Amino acid sequence: MKLDLHAVLIQHLLTEKIPAMREANNTVSFLVHPDANRLHIKQAVETLLKVKVERVNVLNVLGKIKRLGRFSGKRADWKKAFVKLKAGEKLELYESA
């Protein structure tokens, strides 16, 4: 499947563990398109953000079943990617906050 590079990366993720991962391992994380694979993600990060990527780990997250009284629903499934940057590379996404 051919994906547009701008459609691969949806948004960067910022949780409690991610700043520690960024400091220790030079790793950043993104919410990515469900059909994107490691090669698409690596190419999109290197092209759009102009940094060199060492490794990409991808994780499929299943949506939770949520209930409101007798009605139940399901949150959407999504995919996240942990991108390890090469030594000496730095990404300024989190520095503006």
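**Helix α3 and its surroundings**

Visitor: Which residues of α3 are buried?
Guide: This is a predicted model, in which local features need pLDDT of at least 70 and side-chain atom pairs pLDDT 80 or more, while totals for chains, interfaces and linings use all residues. Residues are numbered from 1 along each chain as its sequence is written, and side-chain values use heavy atoms, without hydrogens or water. With buried taken as under 20% relative accessible area, exposed as over 50% and partly exposed as in between (1.4 Å probe, protein chains only), the buried residues of α3 are H40, I41, A44 and V45.

Visitor: How wide an arc do these residues cover around the axis?
Guide: An α-helix has 3.6 residues a turn, so residues three or four places apart point the same way. The buried residues are on the same side of α3, because their arc (of the directions from the helix axis to the C-beta atoms) is only 125°.

Visitor: What covers that side of the helix, and which residues does V45 touch?
Guide: The cover on the buried residues of α3 includes α1 (5-8), β1 (9-12), β2, β3 and β6; helices (H or I, at least four residues) and strands (E, at least two) are DSSP runs numbered from the N terminus. Leaving out residues up to four places away in sequence, V45 is in contact (heavy atoms within 4.5 Å) with L9, F30, K50, V51, V53 and V83.

Visitor: Which elements each supply at least two residues of the largest nonpolar core?
Guide: A nonpolar core is a set of buried Ala, Val, Leu, Ile, Met, Phe, Trp, Tyr and Cys residues joined through side-chain atoms within 4.5 Å. The largest one has 17 residues, and V8, L9, F30, I41, V45 and V83 have the most contacts inside it. At least two of its residues come from each of β2 (27-32), α3 (38-48), β3 (53-61) and β6 (78-85).

Visitor: Is Q43 of α3 buried or partly exposed, and what is its relative accessibility?
Guide: Q43 lies in helix α3, and its C-alpha is 7.7 Å from that of L5, although 38 residues separate the two in sequence. Q43 counts as partly exposed because its relative accessibility is 44%.

Visitor: What is the relative accessibility of K2?
Guide: K2 belongs to the segment before α1. From K2 to Q43 there are 41 residues in sequence and 12 Å in space, C-alpha to C-alpha. K2 counts as exposed because its relative accessibility is 81%.

Visitor: What phi does K50 take?
Guide: Most residues other than glycine have a negative phi, and most peptide bonds are trans. K50 lies in the loop between α3 and β3 and counts as exposed, at 68% relative accessibility. Although K50 is not a glycine, its phi is positive, at about 55°.

Visitor: Where is N26, and what is its phi?
Guide: N26 is found in the loop between α2 (18-25) and β2. N26 is a residue other than glycine with a positive phi, near 60°.

Visitor: Which residue in β5 is the bridge partner of L68?
Guide: Strands β4 (residues 65-68) and β5 (residues 71-74) pair in the antiparallel sense over four bridges; pairing requires that DSSP finds at least two bridges. Their hairpin has two residues between the strands, and G69 there takes a positive phi near 70°. The bridge partner of L68 in β5 is F71.

Visitor: What pattern does the protein follow along the sequence?
Guide: The protein has three helices and six strands. Of its 97 residues, 31% are buried. Read along the sequence, the pattern is α-β-α-β-α-β-β-β-β.
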